[in-house]
Amino acid sequence: MRSRHVNELRPDYPVRTERLLLRPLATDDVDALLAYRSRPEVCRYVPFEPMDRDLIADRLAGPWARTELTEEGQSLTLGAVLADTGRLIGDVVLFWHSSHHRGGEIGYVFNPDFAGRGYATEAASAVLRLGFEDLGLHRIVARLDERNEASARVARRLGLRQEARLVDNEIFKGEWSTELQFAMLADEWARK
């Protein structure tokens with residue numbers, strides 16, 4: 001299957017799923033983001049340390065302010081909001097790594113108070129749809145620390161295939177980390 005040429009992603013917001021609304025993050029999301037991005041257990045296996053209010057505000061004014069993808073190297077971070085209450089419970093990101101190879105990556109971080117209900121899978125699935133169907137990506141990956149079992153379960157529920165297990169491939173937060181790499185192709189997405 002050959003999808004259309006990658007050029008840009010300008011979603012109509014909010015992006016709706018069964019129970020969630022995905023939308024750009026806003027300056028009044030600081031407290032909701034702080035509620036989970038400041039927690040050491042949330043940040044243990046992700047590539048950032050616990051965040052404080054100032055850092056979150058800086059990110060909201062900087063990289064998280066993006067609402068579209070217009071060239072490779074950019075990322076789009078969207079807040080996952082409960083449709084029935086309007087409460088922000090997590091965020092998902094789509095990285096556009098290569099226009100030539102039509103490659104991207106997804107990531108997801110959710111408030112553990114809402115764990116075990118399928119919200120991360122639901123939100124990440126919507127981001128896969130944006131990447132494959134709207135941006136025209138050929139391949140989307142998810143990379144994670146092997147010890148992050150909850151994140152690996154999400155990747156598997158999404159239908160991503162585990163392609164690699166890189167043993168002690170990098171020093172991560174002061175210790176060797178084994179990385180799992182998952183991926184999906186556009187034609188696999190189309191068959192879901």
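P14 sits in the segment before β1. The model is predicted. The exercises below start at that residue.

**Exercise 1. Find the form of the peptide bond from Y13 to P14, and say where P14 lies.**

Step 1. Place the residue. P14 belongs to the segment before β1.

Step 2. Read the omega angle. It is near -5° for the bond from Y13 to P14.

Step 3. Name the form. The bond is cis.

Step 4. Look for a contact partner. L22 touches both Y13 and P14.

**Exercise 2. Work out the order of the strands in the sheet, and name the edge strands.**

Step 1. Count the strands. The open sheet has 8.

Step 2. Give the order. It reads β1-β2-β3-β4-β5-β6-β8-β7, and the pairing is mixed.

Step 3. Find the strands that pair on one side only. These are β1 (15-16) and β7 (161-172), the edge strands.

Step 4. Check the partner of β7. Strand β8 (residues 175-185) pairs with β7 in the antiparallel sense, over 8 bridges. Within this pair, A164 has Q181 in β8 as its bridge partner.

**Exercise 3. Describe the surroundings of β4: how many of its residues are buried, and how do β3 and β5 join it?**

Step 1. Take the burial. In β4 (residues 88-98), 9 of the 11 residues are buried, so the strand is mostly covered.

Step 2. Turn to β3 (residues 75-82). It runs antiparallel to β4, joined by 7 bridges. One facing pair is V81 and L88 of β4.

Step 3. Look at the turn between β3 and β4. The hairpin has 5 residues between the strands, and G86 takes a positive phi near 80°.

Step 4. Turn to β5. It too runs antiparallel to β4, through 8 bridges. V92 has Y108 in β5 as its bridge partner.

Step 5. Look at the turn between β4 and β5. This hairpin has 4 residues between the strands.

**Exercise 4. Find out whether R102 and K173 are buried or partly exposed, and state the phi of each.**

Step 1. Place them. R102 lies in the loop between β4 and β5. K173 is in the loop between β7 and β8.

Step 2. Read phi. R102 has a positive phi of about 55°, although it is not a glycine. K173 also has a positive phi of about 55°, and it is not a glycine either.

Step 3. Apply the cut-off. Buried means under 20% relative accessible area. R102 is at 11%, so it counts as buried. K173 is at 31%, so it is partly exposed.

**Exercise 5. Show which face of α5 is buried, and what that face packs against.**

Step 1. List the buried residues of α5. They are S151, A152, V154 and A155.

Step 2. Look down the helix axis. The buried residues fall within an arc of 155°, so they line one face of α5.

Step 3. Find the partners. The buried residues pack against β5, α4, β6 and β8.

Step 4. Go past the end of the helix. Just after α5, G159 takes a positive phi of about 95°.

**Exercise 6. Compare the settings of N111 and T178: where does each lie, and what does each contact?**

Step 1. Place N111. It lies in the loop between β5 (103-110) and α4 (119-134). Its relative accessibility is 3%, so it is buried.

Step 2. Follow its side chain. It makes a polar contact with the side chain of R39, at 3.0 Å. Beyond close sequence neighbours, N111 touches A35, Y36, R39, I89 and G90.

Step 3. Place T178. It lies in strand β8. Its relative accessible area is 11%, so T178 is buried as well.

Step 4. Follow its side chain. A polar atom of the T178 side chain lies 3.2 Å from the backbone nitrogen of D168. Other contacts of T178 include L144, D145 and E146.

**Exercise 7. Identify the largest nonpolar core and the element that gives the most to it.**

Step 1. Recall the general tendency. In soluble globular proteins, nonpolar side chains tend to be buried together.

Step 2. Size the core. The largest has 41 residues, and those with the most contacts inside it are L22, L94, I106, Y108 and F110.

Step 3. Name the main contributor. Helix α4 gives the most, with 9 residues.

Step 4. Look for another core. One of 17 residues lies apart, with L34, F48, W64 and L88 among them.

Notes: Residues are numbered from 1 along each chain as its sequence is written. This is a predicted model: local features need pLDDT of at least 70, side-chain atom pairs count only at pLDDT 80 or more; totals for chains, interfaces and linings use all residues. Side-chain values use heavy atoms; hydrogens and water are left out. Helices (H or I, at least four residues) and strands (E, at least two) are DSSP runs, numbered from the N terminus. Buried means under 20% relative accessible area, exposed over 50%, partly exposed in between (1.4 Å probe, protein chains only). A polar contact is a pair of N or O atoms within 3.5 Å; within protein, one must be able to donate a hydrogen and the other to accept it, and residues adjacent in sequence count only if both atoms are side-chain atoms. Contact means heavy atoms within 4.5 Å. Two strands pair if DSSP finds at least two bridges between them. A nonpolar core is a set of buried Ala, Val, Leu, Ile, Met, Phe, Trp, Tyr and Cys residues joined through side-chain atoms within 4.5 Å. The arc is that of the directions from the helix axis to the C-beta atoms. Lists of a residue's contacts leave out its neighbours within four places in sequence.
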